[in-house]
Amino acid sequence: MATRAQFENSNEVGVFAKLTNSYCLVTIGGSVNFYSVFESELADHIPVIHASVGGCRVIGRLTVGNKNGLLLPSTTTDQEMLHIRNSLPDGVAVQRVEERLSALGNVVTTNDYVALVHTDLDRETEEIVADVLGVEVFRQTIAGQPLVGSYC
C-alpha cells in the first residue's frame, strides 16, 4: 500500500525523515498529519523518533544510517544526540562525525551492506562509516555527480 505524505507542502519527505529497517527519525515542528503517516505505518514495528539535528529540521540530509548505526554531523548538540541515542534500539550505534562535508545524507548513501561516499570525504570519516555502519565503503560518483546521497 502506498501512502502520500508532505512536509509543509514539500513532497521531499526524505529531507525531513530518515528511515531504516531499525528506526525512523522524523523532524520536529511538522504537522500532526506528517507524523501520523509514519506512526500509523511504522510504530508497531520500529521506533519513530521525533528529533532535530543542530537545531535544523532537514535531518534526512544531515544524517546517514542503516540498521547497524547512525552518523550525526558535528553540529548535533549533546542534548539532541542523547535524545536520539536513548530512543534508538540497543543494537544501533550512534556517533558524531567531524567532517567538513557536514550534510552526511548528501555525501553518503548506504544500505546494510555497502556505502557510496563523496570522493572528497575525509579518510577518517570513511573509516567511521565502515566501522559504525558495518559496511564496505566505495568512493564513487553517480553520473559524474559527487553528492551520492542526493541521487540515490
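This briefing walks through the aromatic residues, one strand sheet and one helix of the structure above. Please keep in mind that the model is predicted. Two good places to start are a cluster of five named aromatic residues, Phe7, Phe16, Phe34, Tyr35 and Phe38, and an open sheet of 3 strands. From there, we can look at how helix 4 and helix 6 lie across strands of the sheet.

**Aromatic residues**

- The structure contains 4 aromatic pairs.
- In one of them, phenylalanine 7 and phenylalanine 16 have ring centres 4.1 Å apart and planes at 25 degrees; planes under 30 degrees apart count as stacked, so this pair is stacked.
- Both partners are buried: phenylalanine 7 has a relative accessible area of 1%, and phenylalanine 16 has a relative accessibility of 13%.
- Phenylalanine 7 also pairs with phenylalanine 34, this time edge-to-face, with 4.9 Å from centre to centre and 75 degrees between the planes.
- That second pair links distant parts of the chain, since phenylalanine 7 sits in the segment before helix 1 (13–16) and phenylalanine 34 belongs to helix 2 (residues 32–42), 27 residues apart.
- Phenylalanine 34 is buried too, at a relative accessible area of 1%.
- Phe7, Phe16 and Phe34 join Tyr35 and Phe38 in one aromatic cluster.

**The open sheet**

- The 3 strands of this sheet come in the order 4-5-6, and their pairing is mixed.
- Strand 4 (64–65) and strand 6 (93–97) are the edge strands, each pairing on one side only.
- Strand 4 and strand 5 (residues 69–73) run antiparallel and are joined by 2 bridges.
- Within these two strands, valine 64 stands opposite leucine 71, which is in strand 5.

**Helices across the sheet**

- Helix 4 (residues 78–87) lies across strand 5 and strand 6, and runs at about 160 degrees to strand 6.
- Helix 6 (residues 123–133) lies across strand 4, strand 5 and strand 6, with an angle of about 150 degrees to strand 5.

**The two sides of helix 4**

- Which residues of helix 4 are buried? They are Glu80, Met81 and Ile84.
- Seen down the helix axis, these buried residues fall within an arc of 95 degrees, so they line one face of helix 4.
- The buried residues of helix 4 pack against strand 5 and strand 6, and also against strand 2 (24–27) and strand 3 (48–51).
- On the other side of helix 4, the exposed residues are Asp78, Gln79 and Asn86.

Definitions and conventions
Residues numbered from 1 in each chain as written. Predicted model: local features only at pLDDT ≥ 70, side-chain atom pairs only at ≥ 80, totals over all residues. Heavy atoms only, no water. Phe/Tyr/Trp six-rings, centres within 6.5 Å; stacked < 30°, edge-to-face > 60°. Buried < 20%, exposed > 50% of the residue type's maximum accessible area, 1.4 Å probe, protein only. Helix = DSSP H or I, 4+ residues; strand = E, 2+ residues; numbered from the N terminus. Pairing = 2+ DSSP bridges. Contact = heavy atoms within 4.5 Å. Axes fitted to C-alpha atoms, helices over the stretch in contact; angles between N-to-C directions. Arc of directions from axis to C-beta.
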